Amino acid sequence: MKLYDFKMAPNPQRVNMFLIEKGIEVPTVEINTRERAQFQESYLAINRISQVPTLELDDGTCIAESMAICRYFEGMQPDPPLFGNNVKEKALVEMWSRRAEFMGYLPAADMLRNSSPVFKDRGLPGVPGGVPQIEKLIERGRNSMDRFFAHFDERLGEVRFVAGDHFSVADITTFVTTRFASRVEVNPPASCANIARWLSEIESRPSAAAV
Ligand SMILES: N[C@@H](CCC(=O)N[C@@H](CS)C(=O)NCC(=O)O)C(=O)O
């Protein structure tokens, strides 16, 4: 088994954080997307859309998409459960993971990819011919991030972890998103005391070192 990884990229970081929480070690191959390694012929055979991470199983099956990889490991090693303990928890983990991705991760990615010189002509991931940056997406991303922080602060005023009483993959996505947004100097406002409380708890977990 091999994990095609890029330690500084947020989606691989989600998988790495998940693996540390599970106590699972997997050999990795670094695909440096800044050096366009995702577009090499050899990697195209692993992931046709030139994105990281991808997990290659011993039988040659390639599983891409961070959450699909995490679900594979959840099935192989259910403890500790990170996708919820029962039907209700599983649904809540799904709900909050999707909100973290759509309200937080995607706008943060829009902001970075459409503003940073490093992402010039890389407005979307995995497109070999390039995608031009669109300046208007920066402001739209910032507005979405404001809504994301306000909504998650309210949530974390009611519960200890994003999906409820237990640490889950929803916390992983929310944490990686928060760190990712800080790269474009977008941080939770000082008024978000509940996010601050939750962040200090997540930062104290050994898995936070993956981010
Ligand atoms: N939906 C995919 C997204 C994967 C993705 O966007 N990966 C980025 C790194 S975080 C990438 O491969 N970027 C390649 C590029 O910039 O061309 C997942 O959840 O794994």
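This passage describes the pockets of a predicted model and the surroundings of its ligand.

The largest pocket encloses about 800 Å³ of space, and of the 36 residues that line this pocket, Asn11, Gln51, Val52, Tyr105 and Pro125 are the closest to its centre. Two or more lining residues come from each of helix H1 (10-22), helix H3 (66-76) and helix H4 (87-115), with H4 giving the most, namely eight residues. Both domain 1 (2-76) and domain 2 (87-210) give residues to the lining of the largest pocket, and the pocket therefore lies between them. When the lining of the largest pocket is divided by class, 19 residues are nonpolar, nine are polar and eight are charged.

The second largest pocket holds about 160 Å³ of space. Its lining consists of 13 residues, of which Glu89, Ala163, Gly164, Asp165 and His166 lie nearest the centre, and by class this lining comprises five nonpolar, five polar and three charged residues.

Around the ligand there are 19 residues, of which Gln38, Glu65, Ser66, Arg113 and Arg122 come nearest. Polar atoms of the protein approach oxygen of the ligand through both side chain and backbone: a polar side-chain atom of Ser66 lies 2.8 Å from a ligand oxygen atom, a polar backbone atom of Val52 is 2.8 Å from an oxygen atom of the ligand, and a backbone N or O atom of Gly126 is placed 2.8 Å from an oxygen atom of the ligand. Of the 520 Å² of accessible area that the ligand has on its own, the protein covers 88%.

Methods. Residues numbered from 1 in each chain as written. Predicted model: local features only at pLDDT ≥ 70, side-chain atom pairs only at ≥ 80, totals over all residues. Heavy atoms only, no water. 1 Å grid on protein atoms, 1.4 Å probe; cavity = no way out; pocket = protein on both sides within 12 Å on 5 of 7 lines; lining within 4 Å. Points joined across faces, edges and corners; volume = space filled by probe spheres on them. Helix = DSSP H or I, 4+ residues; strand = E, 2+ residues; numbered from the N terminus. Nonpolar A, V, L, I, M, F, W, Y, C, P; charged D, E, K, R; others polar. Domains from an automatic or database assignment. Near = heavy atom within 4 Å. Polar contact = N/O pair within 3.5 Å; in protein donor to acceptor, adjacent residues only side chain to side chain. Areas by Shrake-Rupley, 256 points an atom, 1.4 Å probe, with all protein chains shown as cover.
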